[in-house]
Amino acid sequence: AIADLRLDHMDDNTVKNVIGLGLRAAVDTLVPGCDATFQQSFVQQYRKQWFQSESSSLFAGVRATLDICRQHNLLLGVATGKARRGLQRVLDETGLVDCFDATRCADETLSKPHPQMLLELMEELDISPEQTIMVGDTEYDMEMATNAGAGKVAVTTGVHTPERLAQHAPMVTLQKLAEMPMWMAESGLIAP
């Protein structure tokens, strides 16, 4: 999208840093002060590129981890910077459509790190912040959880370094989501 719109080159770290934000918040971060017409052009170019890209795949152990959570009757939700159309595509491609009790997307509510997305999920699922753990791989996920009063589990599979994630005092930092069931059992959150 940056190239299609003939913007000045942005280094990989600058672009990667917006991963996790909603698309409009990402554009505002990359091109501060842009008007609504430019933002819409950027969003259209990005979506055109994204929907032409390869299909989505899961990290190793994700499906098994979700299945373990479901077996222990844990409620599962998704709070994503993706638009509804993008999330639906990912859920369809990965076979996870029926795994989640509730989902929120950045085109439906305020984007991370604002807590609104997570607060809406907690309200829909009728759970309190004390009953909620946000699992995320960006500092935007960690900030959203902090802002909503929820617990945090950091996973280092994203673009933000373990050091950046650690600044938000997560309950634990995992190298991969597949480590989650063992941590939950050790923490007494599920039966071993």
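# A guided tour, starting at T109

Select T109 to begin: with 13% relative accessibility, below the 20% cut-off, this threonine counts as buried. You are looking at a predicted model, so treat every stop as part of a prediction.

**Stop 1: the loop after β2**

T109 sits in the loop that links β2 and α6. Now show its side chain together with that of E120: the two make a polar contact at 2.8 Å. Setting aside residues up to four places away in sequence, T109 touches Q116, M117 and E120.

Move along to L110, which lies in the loop between β2 (102–105) and α6 (116–125). Is L110 buried, partly exposed or exposed? Its relative accessibility is 45%, so L110 counts as partly exposed. Beyond its neighbours within four places in sequence, L110 is in contact with Q116 and M117. Next, add G22 to your selection. G22 and L110 are 88 residues apart along the chain, yet their C-alpha atoms are separated by 8.3 Å.

**Stop 2: strands β1 and β2**

Step back to β2 and show its side chains. A102 and R104 point one way, while T103 and C105 point the other way, and all of them are buried. Here is a general idea to keep in mind: side chains in a regular strand alternate between the two faces of the sheet.

Now bring in β1. How many bridges join β1 to β2? There are four, and the two strands run parallel. To see one of these pairings, select T80 and its bridge partner in β2, C105.

**Stop 3: a second sheet**

Select β3, β4 and β5 together. They form an open sheet in the order β3-β4-β5, with parallel pairing. Which strands lie at the edges? They are β3 and β5 (172–174), each pairing on one side only. From one strand to the next, the twist averages 20 degrees.

Look at β4 and β5: three bridges hold this pair in the parallel sense. V153 is a good residue to click, and its bridge partner in β5 is V172. In general, the strands of a sheet pair through backbone hydrogen bonds, either parallel or antiparallel.

**Stop 4: T138 and helix α7**

Find T138 in the loop between β3 and α7. Its relative accessibility is 2%, which means that T138 counts as buried. Leaving out neighbours within four places in sequence, T138 is in contact with I19, G20, H160 and L165.

Carry on into α7, residues 139–148. How many of its ten residues are buried? Seven are, so this helix is mostly covered. Among the buried residues of α7 are Y140, M142, M144 and A148. Colour the surroundings of the helix too: its buried residues pack against β1 (77–80), α6, β3 (133–136), β4 (151–155) and α8 (162–166). Just after α7 comes G149, which has a positive phi, near 80 degrees.

**Stop 5: the nonpolar cores**

In soluble globular proteins, nonpolar side chains tend to be buried together. To explore this, select L66, V153, L174, M180, W183 and M184. Within the largest nonpolar core, which has 17 residues, these six touch the most other members. At least two residues of this core come from each of α4 (62–71), α5 (84–94), β5 and α9 (180–186). Do you recognise V153? You met it as the bridge partner of V172.

Click M184 on its own. Not counting neighbours within four places in sequence, M184 is in contact with C69, L74, L189 and I190. There is also a second, separate core of 13 residues, and it includes A106, M134, M144 and A148.

**Stop 6: looking for disulfides**

How many disulfides does the structure hold? The count is zero. For a closer look, select C99 and C69. Why is there no bond between them? The closest cysteine sulfur to that of C99 is in C69, and at 9.9 Å it is too far for a bond. C99 has 4% relative accessibility and therefore counts as buried.

**Last stop: D28**

Finish in helix α2 (residues 23–30), where you will find D28. Is D28 buried, partly exposed or exposed? At 40% relative accessibility, D28 counts as partly exposed. Show C34 and Q39 as well: D28 touches both, with residues up to four places away in sequence not counted. D28 and Q39 are eleven residues apart in sequence, and their C-alpha atoms are 7.8 Å apart in space.

Methods. Residues numbered from 1 in each chain as written. Predicted model: local features only at pLDDT ≥ 70, side-chain atom pairs only at ≥ 80, totals over all residues. Heavy atoms only, no water. Buried < 20%, exposed > 50% of the residue type's maximum accessible area, 1.4 Å probe, protein only. Contact = heavy atoms within 4.5 Å. Pairing = 2+ DSSP bridges. Axes fitted to C-alpha atoms, helices over the stretch in contact; angles between N-to-C directions. Disulfide = S-S within 2.5 Å. Core = buried A, V, L, I, M, F, W, Y, C linked by side-chain atoms within 4.5 Å. Polar contact = N/O pair within 3.5 Å; in protein donor to acceptor, adjacent residues only side chain to side chain.
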